[in-house]
Amino acid sequence: MQRYKILHRTYYNYSNEVMLGPHELRLRPREDYELRIESASLKITPEASLHWCRDVENNSVAIASFDSPTQQLLIESEVIIQQFNQSPYDFLLADYAIEYPFAHEAEDWVLLLPYTVLPVKEIQQQLLEWNKNFWQKGERVQTYSLLERINNHIHDNLAYSMREAPGVQSAPETLSCGTGSCRDFAWLFIQSVRCLGLAARFVSGYLQVMPTPIDNGATHAWAEVYLPGAGWKGFDPTLGSIAGSDHIAVAVARSPESVPPVSGSFTGVADSTIDVGVWVNKC
């Protein structure tokens, strides 16, 4: 077991006083048999009333509501977790899923359908062509090996860029420019895998990395694929590895746009700026 302390600060500054609308905060890691939350605190300025709920994906969501005008919004989340995912390769696939292609069982398929939605036909055709780098029609391959090939290919052939622009690049955009952020690489992996008929979803969370003088960690994004017998297994094409003990999932979704860490609105005539700091340390 490894303990981590996660500190996530978000500052919004406004050029004039504004009234803040409700803000949705997805900052609390997903708890399961591999991850336990030891302690958690959430500080918000100006004062806000909090309502906790679970969204349709069972992500923890805090909804903050405000009563007073302000020129600054500060959100600070501090969480200490216990991470038990020390052996991410310790899993077994169901016999029928060891080799690809395979068919999901009917009851599973009903639940997995939202995670198999294909991109528009033009993008689909481009990805089917790109997927020929990893699999040829009629070929039988080890399912995990196929996913590993795609994961490693993105890592080895595309250049990582800490892209500040909002949103996510389409798969063709990432392939054509040869660069992308972690969320772009995760989305490319997801759409590629879906074009092979597998169920995949987007994961937003944290990654513990070697600390530097100015940065101890980062928000991060990767993908999960449903593998019968093993469940949802994480693949990180930014690192070219399977998701392990240094990956701390906060939210999952069918698409990246559904799970920003902080989302909300304001009313008033003002310009706004945002500053985000994340520190993830072993403790």
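User: How many disulfides does a search of the whole structure find?

Analyst: A disulfide is a covalent bond between the sulfur atoms of two cysteines. Here a search of the whole structure finds zero disulfides, where the term stands for a pair of cysteine sulfur atoms within 2.5 Å. This is a predicted model, in which local features need pLDDT of at least 70 and side-chain atom pairs count only at pLDDT 80 or more, while totals for chains, interfaces and linings use all residues. Residues are numbered from 1 along each chain as its sequence is written, and side-chain values use heavy atoms, with hydrogens and water left out.

User: Why is the sulfur of Cys182 without a bond to the closest cysteine sulfur?

Analyst: The closest cysteine sulfur, in Cys177, lies 14 Å from that of Cys182, which is too far for a bond. For Cys195 the closest cysteine sulfur is also in Cys177, at 18 Å, again too far for a bond. Cys182 is buried at 11% relative accessibility, and Cys195 is buried at 12%; buried means under 20% relative accessible area, exposed over 50%, and partly exposed in between (1.4 Å probe, protein chains only).

User: In which order do the four strands of the open sheet stand?

Analyst: Strands of a sheet pair through backbone hydrogen bonds, either parallel or antiparallel. Here the order is S4-S5-S2-S16, with antiparallel pairing. Strand S4 (48–54) and strand S16 (262–263) are at the edges, each with a single partner strand, so one side of each has no neighbour in the sheet. Strands are DSSP runs (E, at least two residues), numbered from the N terminus, and two of them pair if DSSP finds at least two bridges between them.
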